[in-house]
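Student: I would like a close look at a single part of this structure, followed outward through its contacts, please. Could you take it slowly and keep each step tied to the residues involved?

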Amino acid sequence: MVRNGWPDTKQQIPLKARPSWTFRDEVATADGLLFKGTCLIAPKVMRPEMLRQIHKSHL
């Protein structure tokens, strides 16, 4: 949807993409990743692993 354009109504998009509807104009892609402005959008299934990785260097 980011590449091809968003539909006219929220009901036309898949359920998993609906939370992004409110900020759809801010979503962009770069190198295969999704961003909202300058923030990376991490899929929910990847969030626990990402947290482990960023906290790995903490004592």
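**From one ring to the sheet**

Tutor: Let us begin with tryptophan 6, which counts as partly exposed at 21% relative accessibility. The model is a predicted one, and the values that follow are computed from it. The partly exposed label holds for tryptophan 6 because its 21% is not under the 20% limit for buried residues. Tryptophan 21, by contrast, is buried, with a relative accessible area of 13%.

These two residues belong together, since a search of the whole structure finds one aromatic pair. The ring centres of tryptophan 6 and tryptophan 21 are 6.3 Å apart and the ring planes stand at 70°, so the pair is edge-to-face. Both tryptophan 6 and tryptophan 21 lie in the segment before strand 1, which covers residues 27-30, so the contact ties together parts that are 15 residues apart in sequence.

Tryptophan 21 has a further partner in arginine 24, whose charged end sits over the ring at 3.8 Å from its centre. A contact of this kind is also found at phenylalanine 23, where lysine 36 lies over the face of the ring, 4.8 Å from the ring centre.

Lysine 36 leads us into the sheet, because strand 2 consists of residues 33-36. The sheet is open and has three strands in the order 1-2-3, with antiparallel pairing. Strand 1 and strand 3 are at its edges, each with a single partner strand, so one side of each has no neighbour in the sheet.

Taking the pairings in turn, strand 1 and strand 2 run antiparallel and are joined by four bridges. Within this pairing, alanine 28 has phenylalanine 35 of strand 2 as its bridge partner, while threonine 29 stands opposite leucine 34, also in strand 2. The two strands form a hairpin with two residues between them, and the turn includes aspartate 31.

Aspartate 31 deserves a pause. It lies in the loop between strand 1 and strand 2, and its phi is near 55°, a positive value in a residue other than glycine. Most residues other than glycine have a negative phi. At 82% relative accessibility, aspartate 31 also counts as exposed.

On the other side of strand 2, the pairing with strand 3, which covers residues 39-40, is antiparallel over two bridges. Phenylalanine 35, already named as the partner of alanine 28, has leucine 40 as its bridge partner in strand 3, and lysine 36 stands opposite cysteine 39. Strand 2 and strand 3 likewise form a hairpin with two residues between them, and here glycine 37 in the turn has a positive phi of about 65°.

From the sheet we can pass to the surface. Leucine 33, in strand 2, is partly exposed, with a relative accessible area of 42%. Leu33 and Leu40 form a nonpolar patch on the surface together with Val45, Met46 and Met50, and the accessible area of the five residues together is about 460 Å².

Met50 of this patch also falls within the residue range of helix 1, residues 47-55, and that helix holds both arginine 52 and glutamate 49. The structure holds one salt bridge, and it is formed by arginine 52 with glutamate 49, their closest N and O atoms being 3.1 Å apart. Arginine 52 and glutamate 49 are three residues apart, about one turn of the helix. Side chains of opposite charge can pair when their charged atoms come close. Glutamate 49 is partly exposed, with a relative accessible area of 36%.

Technical notes:
Residues are numbered from 1 along each chain as its sequence is written. This is a predicted model: local features need pLDDT of at least 70, side-chain atom pairs count only at pLDDT 80 or more; totals for chains, interfaces and linings use all residues. Side-chain values use heavy atoms; hydrogens and water are left out. Rings of Phe, Tyr and Trp (its six-membered ring) pair if their centres lie within 6.5 Å; planes under 30 degrees apart count as stacked, over 60 as edge-to-face and the rest as tilted. Buried means under 20% relative accessible area, exposed over 50%, partly exposed in between (1.4 Å probe, protein chains only). A charge sits over a ring if NZ of Lys or CZ of Arg is within 6 Å of the ring centre and within 35 degrees of the ring normal. Patches are made of residues with over 30% relative accessible area and no salt bridge: like charges are joined within 9 Å, nonpolar side chains (Val, Leu, Ile, Met, Phe, Trp, Tyr) within 5 Å. Accessible areas come from the Shrake-Rupley method with a 1.4 Å probe; for residues, only the protein chains shown count as cover. A salt bridge is a side-chain nitrogen of Lys or Arg within 4 Å of a carboxyl oxygen of Asp or Glu. Two strands pair if DSSP finds at least two bridges between them.
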